[in-house]
Amino acid sequence: MGFSINNPDLSVKMGNFSLKNPVVAASGTFGYGLEFAPFIDLNALGGFSTKGLSLRPKLGNPVPRVVETEGGMLNAIGLENVGLEKFVSDKLPLIHKYECRLICNFFGNTVSEYVGMAEALSKEDRVDALEMNISCPNVKEGGHQFSSKPALVEEVVGAVRKATEKFLIVKLSPNVTDITETARFAELAGADALSLTNTFVGMVMDINTRQPWLANHTGGLSGPAIKPVSLQMVYQTVRAVKIPVFGIGGIRSADDALEYLMAGASAVQVGTENFFDPCATIKIIDGIRDWCIQNGVKSLSELKP
Ligand SMILES: Cc1cc2nc3c(=O)[nH]c(=O)nc-3n(C[C@H](O)[C@H](O)[C@H](O)COP(=O)(O)O)c2cc1C
């Protein structure tokens with residue numbers, strides 16, 4: 001079908017990776033995609049990013065591990081997931097019939113675990129892209145998060161780059177002094193794209209027990225509360241690197257997504273809003289299309305700064 005003023009081109013090209021529209025469901029808020037199939041047509045999405053996968057299954061942290069906050073939520077799920085083997089045997093075959101892009105989010109606690117995950121996921125044809133979550137402690141480096149130090153970012157991204165030919169997205173933590181620095185090191189080490197931001201460390205106290213609310217004490221803040229901060233980080237990062245950026249943080253509406261696109265993001269990811277409205281991603285895609293029609297925008301590329 002030809003694109004026109006009434007049928008804008010929402011597709012996104014990132015080198016050899018493309019999306020039919022710029023909206024991707026964010027990791028950890030969309031299960032393995034299949035959980036949302038009763039509510040929305042997964043084929044209509046640009047894509048989705050799976051819950052973070054690890055070599056072995058993980059049960060995650062003790063409860064309570066989520067709590068609502070002003071304009072958002074805190075979570076300390078602890079990266080619960082079915083593990084690589086079960087994902088490949090039980091989930092992946094069911095995802096095959098959908099045509100949207102499948103991004104596999106994964107993590108490790110050592111460089112070799114990251115490499116092992118990348119190698120294993122790279123064998124699967126249905127996997128369109130890998131998204132490395134580097135907001136994880138490196139057990140061999142005193143528990144410092146990989147994302148916290150440029151040298152660690154370079155090491156782990158460089159090792160994964162050598163292990164895969166898949167489109168490689170590196171997901172950055174906002175819990176650093178200068179996110180453009182970690183972004184540049186990820187680019188240098190071979191990332192094809194960046195996604196930012198992950199959640200911000202925060203906490204809630206329970207004034208009845210006088211203890212931290214979450215069993216883990218601290219958690220990751222997400223939702224509308226983080227949007228202005230994440231947006232600013234995306235804006236700065238887009239200007240510091242040459243590779244494309246997925247903008248993430250507090251997107252609830254098409255207007256929010258458009259803000260990220262106008263700040264320079266090539267695509268967006270929608271997280272916490274999926275919990276409030278499982279149809280949010282579809283409404284955002286429709287809203288972006290309507291905005292383009294109303295504003296005479298024929299192609300999303302016109303929004304690039
Ligand atoms: C409950 C929950 C679980 C998450 N799990 C993951 C994960 O496994 N891997 C990851 O890279 N990000 C994870 N995230 C982070 C989100 O993908 C996203 O980066 C963050 O929530 C900010 O976007 P939002 O404000 O739209 O939610 C999780 C977020 C939430 C709320």
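A residue counts as buried when its relative accessible area is under 20%, as exposed when that area is over 50%, and as partly exposed in between. With those words in hand, open the structure, which is a predicted model, and begin with a single threonine.

**First stop: T180 and its partner**

Select T180, which you will find in helix 4, the helix that covers residues 179-188. Its relative accessible area is 10%, and because the limit for buried is 20%, T180 is counted as buried. Now add D178 to the selection and show both side chains, since a polar contact of 2.6 Å joins the side chain of T180 to that of D178.

**Second stop: T237 in helix 5**

Move on to another threonine, T237, which belongs to helix 5 (residues 227-238). With a relative accessibility of 0%, T237 counts as buried. Show the backbone of M233 together with the side chain of T237, and you will see that a polar atom of that side chain lies 2.7 Å from the backbone oxygen of M233. While you are in this part of the chain, select Y235 and R239 as well: the charged end of R239 sits over the ring of Y235, at 3.7 Å from the centre of that ring.

**Third stop: the ligand and its shell**

Select the ligand next, and then display the residues around it. How many residues surround the ligand? There are 24 of them, and the closest are S27, K171, G223, G250 and T272. If you colour this shell by the character of its residues, it divides into six nonpolar, 16 polar and two charged.

Three contacts with oxygen atoms of the ligand deserve a look one at a time. At T272, a polar side-chain atom lies 2.6 Å from an oxygen atom of the ligand. At G223 the contact comes from the backbone, where an N or O atom lies 2.8 Å from an oxygen atom of the ligand. At N133, a polar atom of the side chain lies 3.4 Å from an oxygen atom of the ligand. Now switch on a surface: taken alone, the ligand exposes 610 Å², and the protein buries 97% of that area.

**Fourth stop: the aromatic rings**

Hide the ligand and show the aromatic side chains, among which a search of the whole structure finds seven pairs. Take Y32 and F87 as a starting point; their ring centres are 6.0 Å apart and their planes meet at 40°, so this pair is described as tilted. Y32 lies in the loop between strand 3 (23-25) and strand 4 (47-49), whereas F87 lies in helix 1 (residues 84-95), so the pair ties together parts that are 55 residues apart in sequence. Both Y32 and F87 are buried.

A second pair to select is F36 with F39, whose ring centres are 6.4 Å apart and whose planes stand at 65°, so that this pair is edge-to-face. F36 counts as buried, with a relative accessibility of 9%. Extend the selection to F30 and F48, and you will have a cluster in which ring pairs link F30, F36, F39 and F48.

**Fifth stop: D128 and L168**

Select D128 in the loop between helix 2 (111-122) and strand 8 (129-133). Its relative accessible area is 22%, which makes D128 partly exposed. Add L168, which is 40 residues away from D128 along the chain, and note that the C-alpha atoms of the two are separated by 9.5 Å.

**Last stop: unusual backbone**

Finish with the backbone itself, keeping in mind that most residues other than glycine have a negative phi, and that most peptide bonds are trans. Where are the cis peptide bonds to look for? One joins V63 and P64, with omega about -5°, and P64 has its place in the loop between strand 4 and strand 5 (66-69). Another runs from L196 to T197, with omega near 10°, and T197 is found in the loop between strand 10 (193-196) and strand 11 (200-202).

Two residues that are not glycine have a positive phi of about 60°, namely L79 and R210. L79 is in the loop between strand 6 (72-75) and helix 1, and is partly exposed with a relative accessible area of 22%. R210 is in the loop between strand 12 (205-206) and strand 13 (211-212), and at a relative accessible area of 69% R210 is exposed.

Terms used:
Residues are numbered from 1 along each chain as its sequence is written. This is a predicted model: local features need pLDDT of at least 70, side-chain atom pairs count only at pLDDT 80 or more; totals for chains, interfaces and linings use all residues. Side-chain values use heavy atoms; hydrogens and water are left out. Rings of Phe, Tyr and Trp (its six-membered ring) pair if their centres lie within 6.5 Å; planes under 30 degrees apart count as stacked, over 60 as edge-to-face and the rest as tilted. Helices (H or I, at least four residues) and strands (E, at least two) are DSSP runs, numbered from the N terminus. Buried means under 20% relative accessible area, exposed over 50%, partly exposed in between (1.4 Å probe, protein chains only). A charge sits over a ring if NZ of Lys or CZ of Arg is within 6 Å of the ring centre and within 35 degrees of the ring normal. A residue is near a molecule or strand if one of its heavy atoms lies within 4 Å of it. A polar contact is a pair of N or O atoms within 3.5 Å; within protein, one must be able to donate a hydrogen and the other to accept it, and residues adjacent in sequence count only if both atoms are side-chain atoms. Accessible areas come from the Shrake-Rupley method with a 1.4 Å probe; for residues, only the protein chains shown count as cover. Ala, Val, Leu, Ile, Met, Phe, Trp, Tyr, Cys and Pro count as nonpolar, Asp, Glu, Lys and Arg as charged, and the others, Gly among them, as polar.
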